[in-house]
Amino acid sequence: HNAHTALVLIGEGSAHIAGRPLSGREALAELGLEPLVLGAKEGLSLVNGTACATGLSSIALDRAAQLLDWADAIAVMTLEAAGCQMPAFSEAGLSLRVSDGIAKVGEVLRARLAGSGLIDAAKGRRTQDALSLRSIPHAHGAARDLFETCAAIVDRELASVTDNPAVAGTPEEPLVWSEAHAVAPALGQAADALAIAIAQIAAMSERRIDRLVNPLVSGLPPFLASDPGSHSGFMIAQYTAAALANENRRLAAPASTDGGLTSALQEDFLAHPTAAANKLLAVIDNAEYILAIEWLAATQAHDFLETVAPRAPGTDALYSLLRSHVSHYSDDRPISSDMEKTRALLSKTLPPHQTA
């Protein structure tokens, strides 16, 4: 794909503008551009797959950072609806497990739930919550710790020479190194690792959705339906989340361990960083939908808890934001549009904690 893009830049190949097929030269002319005239080594820079993988990984990291913040906040909505036991998230207790990520997530959970009447009403209701609730700091925190490592790897790649041969020195005393900088095992491994972490967070989110729709553990109407006798509520929404979580498990298989022999055995090792980055982006796509479904379900659950006790200010901000775009689900309307609207909100700035 890099090569086909590069062909257009030099006036070759083909492109589409407003759906019309054009030659590369015609397309450039319509945009008021002249074909590039390449100098030494510039052709290689345009087709280097490592540059492509680095760019895709940078985009994935930006989206992952946003996703991790929203994952914490949305999980808090479910924790409050489930009446979680807060001692599991105490600063002293969490500090026994050394992790900057765990500490940060624990801080977010405590801040979002500060002042919650629902949490106060549930105090002492049970000894401990299910692991999809109780281990949120550990799973989300592990992903945050790994994110920092992956971000450092991508930052290094952005600052690196990744072509072959590498040329330096002067015309009189040139330095030429025939090396393997175009190979990027670290990028592939980083993208694979982050895909696993996000797939795990999404799988945990799906388990929380299941707890919200299951009256045996939620204490709420079956499937969060306003009329459980005639409406299906969030039953199929949970099916969707389960399907996406399963797809993420398949996508979490590493690309960096794939094989491939090319160039008459000269290239007898391939790291597949572009495939790993594309796979990571697909996992993020699915995770966004799963988290959107959890946010929808948790907000629906809060509708049924209005008369029990007040929400925390930090969760009420999330509740109000979603309800300003999506109404209570009571008519079995096609829920896909609700999912799309909710997922679109995940690209917005997260509302502040607004703690009491």
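**Salt bridges and the nonpolar core in a predicted model**

Q: Which residue does R311 meet in a salt bridge, with 3.3 Å from N to O?
A: A salt bridge here is a side-chain nitrogen of Lys or Arg within 4 Å of a carboxyl oxygen of Asp or Glu. At 3.3 Å, N to O, the partner that the side chain of R311 meets in this way is E306.

This is a predicted model, in which local features need pLDDT of at least 70 and side-chain atom pairs count only at pLDDT 80 or more, while totals for chains, interfaces and linings use all residues. Residues are numbered from 1 along each chain as its sequence is written, and side-chain values use heavy atoms, with hydrogens and water left out.

Q: Is R311 buried or exposed?
A: Buried means under 20% relative accessible area, exposed over 50%, and partly exposed in between (1.4 Å probe, protein chains only). E306, at 42%, is partly exposed. Because the relative accessible area of R311 is 15%, R311 is buried.

Q: Which residue forms a salt bridge with D69?
A: D69 counts as partly exposed at 32% relative accessibility, whereas its partner counts as buried at 10%. The closest N and O atoms of the pair are 2.8 Å apart, and the partner is R144.

Q: Which residues is I198 in contact with, leaving aside its neighbours within four places in sequence?
A: I198 is among the residues touching the most other members of the largest nonpolar core (buried Ala, Val, Leu, Ile, Met, Phe, Trp, Tyr and Cys residues joined through side-chain atoms within 4.5 Å). With contact taken as heavy atoms within 4.5 Å, the residues are A64, L67, L280, V283, I284 and A287.
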